[in-house]
Amino acid sequence: MKVNIDLGSAVRGSAARGPVAELDLEELLATRLLVQGNSGSGKSHLLRRLLEQSAPWVQQCIIDPEGDFVTLAERFGHQVVDAARTEAELTRIAGRVREHRVSVVLNLEGLDVDQQMRAAAAFLGGMFDAERDHWYPVLVVVDEAQLFAPAVGGEVSDEARKLSLGAMTNLMCRGRKRGLAGVIATQRLAKLAKNVAAEASNFLMGRTFLDIDMARAADLLGMDRRQAEQFRDLARGNFIALGPALSRRPLPITIGAVETSARSSSPKLTPLPEAPEDASDLIFTPGPDEASPILRKQPPKPIPTADLLAQLSRPKPAPEPVAEPVFAIIDEAEREAGLETVLREIIEDPDAAFRSDAVLYQDFLVRCRIRRVPGEPLPLSGFRRRLAVARAGVDERSGGEAWATALTLSEGLPDDLQGVFLMIARAAVNKDPSPSDATLARAYGTHSARRARRLLSYFEERGLLVVRTDFHNRRVLAFPDLDCETAPGHPDAPDDVQRDAAE
């Protein structure tokens, strides 16, 4: 179905109003869009026009750092998601957004930059990791994209930057096959990560003054340096359009009017009030709700020189011994019980298998604070190890000699593979049937059975196990170092956890 969105009018020669400037919505979903313009160029107005015109045709998700687009809710039915939630909760909400095809505005207003990056990464990650049955087309608009995909590190933490940049890269590089069409807007092309900007095939370039941004914008549009000077002369709301969804040649356009307005707007000059006669009292007299003024103490009287010399000549008193720090005694048994309880809660969450370790670690820290688990929190590496062992379902201290050997062998594997290996080893030690491809995929955090079979090939190449098939085409996994093997199991059997949940 071909749907053309009316962005405004094209500027042709000296005509007051040119033909309608249209955007092919279906082509945009396949090729993505980059909007660039300095502050005051009309970027947000352009995004609002695009969202209003396309609202009846496609599901929308807006990452809104300033809360400007929440006004779409009343007119077009968007649901406003307040980002002041845990990252795990935002990820689950994003999954339900894709399942039920609801247009939303993720309101990041009031959060600092680090929190905004983490919240946006969790929400975009939930949309990206949605089940294949829910890969409906979604227009994902990210305003101020340089905040979430910075070209260089800033004052935010490295972890938050990596999470946010990874989510933006997935959106622009791999989101098309999952139905996610990225529309990113930025004030400074030079501040936006190049691998994110390079994935866009459509461009709308607004007023730009800095030479480095003009040169990069001209390069994206295939212009030379002399033609790049026109970006300085663009009026507010005027853009140069190029791309398969817009125009095959650079086309100046003027963005049309919008039906809704932002909560914030550009400052306007207003007349000053008449100066009151008691202006001095209004400024310097504290109000009834203000704190009482601070009384400055008089400086001490000067001490005579003879008294100062006498004080300096006195012998210094012996320093008092430094008191030993007193630490609270931590009950290790209580601490271990609290950690095991929190890990069990995370594992019992059906969505946990498909969440990244970084997101689960943040959820783990929050749950530990809620349950008041004593002692220092586990580091990320320790959490990954404990999570892998807990997913395998065998107590590290009472699993027997074979299980101790399995734990030693798993330490040489990458963190994301340890849990899968230990789950297979547990089945072999307990003589349980070989796990199916669906069970292995869930343990690895994916829905792909092919990836699960590649994991078995990887373990076999490392010499950790041997895969064989009996006469009934059932799979058996043998562990030479453990001197045991699983019972025969069908590779195509359904996942037990998902089957129990369905029942």
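**Exercise 1. Locate Ile-283 in this predicted model, and decide whether Ile-283 is buried or exposed.**

Step 1: Ile-283 has its place in helix 11, which covers residues 279-284.
Step 2: The relative accessibility of Ile-283 is 62%, and since the exposed class begins over 50%, Ile-283 counts as exposed.
Step 3: On the surface, Ile-283 joins Leu-282 and Phe-284 in a nonpolar patch, whose accessible area together comes to about 390 Å².

**Exercise 2. Describe the surroundings of Asn-107, stating which residues Asn-107 contacts beyond its neighbours within four places in sequence.**

Step 1: Asn-107 belongs to strand 6, residues 104-107.
Step 2: Its relative accessible area is 12%, and because the buried class lies under 20%, Asn-107 is classed as buried.
Step 3: With neighbours within four places in sequence left aside, the contacts of Asn-107 are Asp-64, Gly-67, Val-70, Val-80, Val-81, Asp-82 and Ala-83.
Step 4: A polar atom of the Asn-107 side chain also lies 3.1 Å from the backbone nitrogen of Glu-109.

**Exercise 3. Analyse the salt bridge between Arg-118 and Glu-159, and find where in the chain its two partners lie.**

Step 1: The side chains of Arg-118 and Glu-159 meet at 3.7 Å, N to O, which falls within the 4 Å cut-off for a salt bridge.
Step 2: This pair links distant parts of the chain, with Arg-118 in helix 5 (residues 113-128) and Glu-159 in helix 7 (residues 158-174), 41 residues apart.
Step 3: Arg-118 is buried at a relative accessible area of 15%, whereas Glu-159, at 31%, is partly exposed.

**Exercise 4. Explain why Arg-367 and Asp-363 are separated by about one helical turn, and name the network to which they belong.**

Step 1: Both residues lie in helix 14 (residues 357-370), and because they are four residues apart there, about one helical turn separates them.
Step 2: Their side chains form a salt bridge of 3.1 Å, N to O.
Step 3: Arg-367 is partly exposed, with a relative accessible area of 21%, while Asp-363 is buried at 12%.
Step 4: The salt-bridge network links Arg-367 and Asp-363 with Glu-345 and Arg-371; the structure holds 12 salt bridges.

**Exercise 5. Work out the order of the open sheet formed by three strands, and identify its edge strands.**

Step 1: The order is 12-13-14, with antiparallel pairing.
Step 2: Strand 12 (466-469) and strand 14 (484-485) each pair on one side only, so these are the edge strands.
Step 3: Strand 13, residues 475-479, pairs with strand 14 over two bridges, and Ala-478 stands opposite Glu-485 in strand 14.

Terms used
Residues are numbered from 1 along each chain as its sequence is written. This is a predicted model: local features need pLDDT of at least 70, side-chain atom pairs count only at pLDDT 80 or more; totals for chains, interfaces and linings use all residues. Side-chain values use heavy atoms; hydrogens and water are left out. Two strands pair if DSSP finds at least two bridges between them. Patches are made of residues with over 30% relative accessible area and no salt bridge: like charges are joined within 9 Å, nonpolar side chains (Val, Leu, Ile, Met, Phe, Trp, Tyr) within 5 Å. Accessible areas come from the Shrake-Rupley method with a 1.4 Å probe; for residues, only the protein chains shown count as cover. Buried means under 20% relative accessible area, exposed over 50%, partly exposed in between (1.4 Å probe, protein chains only). A polar contact is a pair of N or O atoms within 3.5 Å; within protein, one must be able to donate a hydrogen and the other to accept it, and residues adjacent in sequence count only if both atoms are side-chain atoms. Contact means heavy atoms within 4.5 Å.
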